[in-house]
Amino acid sequence: MRLAVLGAGYAGLTLARKLERTVPDDVEILVVEKTGRHLVQHEVHRAIRRPSLADDIVVELGDVLDRAEVRQAEVTDVDPDANVVSLDSGATIEYDYAGVCLGAETAFYGLPGVEERATPLKTLDDADRIRADFLDALDAGRPEEPSRVVVGGAGLSGVQVAGELAAFAREEGERESVTVTLLEQLDEVAPAFPANFQSAVREQLAARDVEIRTGTAVSSADDDAIELETGEKLDYDQFVWTGGIRGPDALGGERPQVKNTLRLGDGTFVVGDAARVVDADGEPVPASAQAAVREARAVAGNIASLVEYDREGGDMFEPRLDPFAFDSPGWLVSIGDGAVAQVGPTVLTGKAAKALKTTVGAGYLSSVGAIRNAADLVGEELGYEK
C-alpha cells in the first residue's frame with residue numbers, strides 16, 4: 001500500500017510526520033517535493049532584511065522524516081479518479097491514498113503588466129530579488145525626491161513586506177529617501193480579520209511611516225507607473241505583489257472546494273492552501289499556516305482509519321471520517337521589528353506581541369523536529385550571535 005504526500009509545506013510536512021506515527025511500518029509513505037526541503041513560509045519576508053535568516057527557515061526533509069521516502073520532483077497533474085500523479089520527468093505515481101499539499105501560487109488576476117513587473121514573495125529567491133531592488137531604490141532616492149516602493153495587497157503577507165521594507169529603510173539610515181506605499185482594494189488592511197486586529201495593524205504600519213491606501217484597486221502596470229481603477233497613475237521604483245492566491249498548476253490553477261473531510265475523490269485529500277475548505281461548522285477556513293497544520297493532522301487520522309479498514313479486508317461499511325472544525329486561538333503578524341497578536345478578543349502589540357511571535361515560530365520548528373533551527377531562529381529574533 002502506498003500513501004503519497006504531494007508537497008512539503010506546512011500541510012505536507014505535518015501530514016507526512018503524522019502518518020509515520022499512525023500507519024503500520026509496512027505501509028509505504030512517499031513525499032514528493034520539488035525542492036527536497038521545507039520552507040517556513042511565514043518567515044520569508046524577514047529574509048529581505050536578514051538574508052542570514054534563510055539558514056534557520058529551511059529544513060531538509062531527510063533531517064525531520066523518519067521513514068518516508070522523499071522524491072525531489074515537481075507534480076504536474078493529479079488525477080483523483082485514477083489515483084495517479086504525473087511528474088515533470090514524465091513519470092507517474094500510483095497511490096492508494098494521497099494528500100495534495102501543493103500550496104497556492106500568487107494570483108495576478110490577468111491585470112495587464114502586473115505579473116511581468118511585480119515581484120511576488122513565495123520563495124527565498126523572491127526575497128533576494130526584493131532586497132536587491134529595494135537597495136537600488138534607496139540608492140536612487142533622495143529626501144527631496146524619494147523613491148516609491150509599492151506593495152500591492154494588504155493581507156498579512158503584504159502587511160509584513162511593507163513593515164519589513166520600512167524598517168529596512170530606517171536601518172539603512174534612508175528613511176527620507178523612500179516611500180513605502182501599501183495598496184488594498186478593500187476598505188481595510190488585513191481585511192479578513194477582526195476590526196480590533198485591523199486597527200492595531202494599521203496603527204503599527206502608520207507608526208513606521210508606511211503610506212496606506214485602502215479602497216484602491218490596481219488595474220494595470222507599465223515600466224513607470226501603476227494605473228489604478230480610478231484612472232490615477234502612481235509612479236513607482238519597485239513593485240511587490242501580494243494581492244491574492246490561486247491554486248497550484250497541478251490542479252489547473254484552481255483551488256477546489258472540499259467539505260469538512262477535505263476529500264476529493266475516494267483516495268485523495270486536498271490539504272492547506274491548495275483547497276478552499278468548508279469546515280464542520282459550515283464556515284470557510286482561511287488560507288493560513290495554522291489552518292494547514294490542523295487540517296493535516298485531521299486528514300492523517302482519517303487516512304490511518306482508511307488504511308486500517310483496507311488492511312482488514314474492507315468488506316464492511318467504510319469508517320466514518322472525522323470532520324475538520326477550525327477554531328483559531330488567535331492571529332499573529334510581524335510589522336518591521338514589532339508585531340500584532342490577537343489572542344481571543346485581546347489584541348497585543350509591542351514586546352508582548354513580539355515575544356509571542358518568537359515563541360510560536362520556534363515552537364513550530366520544534367514540532368517538526370527542527371530543534372537547531374528553532375534555537376537559531378530565537379537567536380536571530382533576540383539579536384544573539386550564533
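## A guided tour from Arg-246 to helix H8

Begin by selecting Arg-246, which counts as partly exposed at 29% relative accessibility, where buried means under 20% relative accessible area, exposed means over 50%, and partly exposed lies in between, using a 1.4 Å probe and the protein chains only. The model on your screen is a predicted one, in which local features need a pLDDT of at least 70 and side-chain atom pairs count only at pLDDT 80 or more, while totals for chains, interfaces and linings use all residues. When you type a selection, remember that residues are numbered from 1 along each chain as its sequence is written, and that side-chain values use heavy atoms, with hydrogens and water left out.

**Salt bridges**

Keep Arg-246 selected and add Asp-249, its partner in a salt bridge whose closest N and O atoms are 2.9 Å apart; the term stands for a side-chain nitrogen of Lys or Arg within 4 Å of a carboxyl oxygen of Asp or Glu. Asp-249 itself counts as exposed, at 52% relative accessibility. Elsewhere, salt bridges that share partners join Arg-49, Arg-50, Glu-164, Glu-171 and Asp-337 into one network.

How many salt bridges does the structure hold? There are 20 of them, and a good one to select next is the pair Arg-50 and Glu-171, whose closest N and O atoms are 2.8 Å apart. This pair links distant parts of the chain, 121 residues apart, with Arg-50 in the loop between strand E3 (37-39) and helix H2 (54-57) and Glu-171 in helix H6 (residues 156-171). Such labels come from DSSP runs numbered from the N terminus, in which a helix (H or I) has at least four residues and a strand (E) has at least two. Both partners are partly exposed, Arg-50 with a relative accessible area of 28% and Glu-171 with 41%.

Now move to Glu-232 and Arg-213, which also form a salt bridge, with closest N and O atoms 2.8 Å apart. Here, too, the pair links distant parts of the chain, since Glu-232 is in the loop between strand E15 (225-228) and E16, while Arg-213 is in strand E13 (residues 211-214), 19 residues apart. Glu-232 is partly exposed, with a relative accessible area of 33%.

**From Arg-213 to buried residues**

With Arg-213 still displayed, select Val-189 and draw a distance between the two C-alpha atoms, which are separated by 8.9 Å although the residues are 24 apart along the chain. Val-189 lies in the loop between strand E12 (178-184) and H7. Is Val-189 buried or exposed? It counts as buried, at 0% relative accessibility.

Gly-247 is the next stop, in the loop between strand E18 (245-246) and strand E19 (257-258), and Gly-247 is likewise buried at 0% relative accessibility. Add Ala-104 to the selection, and you will find its C-alpha 4.9 Å from that of Gly-247, with their positions 143 residues apart in sequence.

**A negative patch**

Select Asp-222, Asp-224, Asp-235 and Asp-237 together, which form a negative surface patch. Patches are made of residues with over 30% relative accessible area and no salt bridge, like charges being joined within 9 Å and nonpolar side chains (Val, Leu, Ile, Met, Phe, Trp, Tyr) within 5 Å. Within this group, Asp-237 is found in the loop between strand E16 (233-235) and strand E17 (238-241), and it counts as partly exposed at 47% relative accessibility.

**Backbone angles**

Most residues other than glycine have a negative phi. Select Tyr-109, which is not a glycine and yet has a positive phi of about 55°. Tyr-109 lies in the loop between strand E10 (105-106) and helix H4 (114-117), and it is exposed, with a relative accessible area of 52%. Asp-209 also has a positive phi without being a glycine, at about 65°; look for Asp-209 in the loop between helix H7 (195-207) and E13, where it is partly exposed, with a relative accessible area of 36%.

**Helices H1 and H8**

For the last stop, select Thr-14 in helix H1 (residues 10-22), a residue that counts as buried at 10% relative accessibility. Its C-alpha atom is separated by 8.6 Å from that of Ala-292, which is 278 residues away along the chain.

Then select helix H8 (residues 289-311), whose 23 residues should span 33 Å at 1.5 Å a residue, the expected span being 1.5 Å times one less than the number of residues. The end C-alpha atoms of H8 are 33 Å apart, which agrees. Finish at Gly-313, which follows H8 and has a positive phi, near 115°.

Conventions. Areas by Shrake-Rupley, 256 points an atom, 1.4 Å probe, with all protein chains shown as cover. Lys, Arg positive; Asp, Glu negative; His and termini not counted. Charge placed at Lys NZ, Arg CZ, Asp CG, Glu CD.
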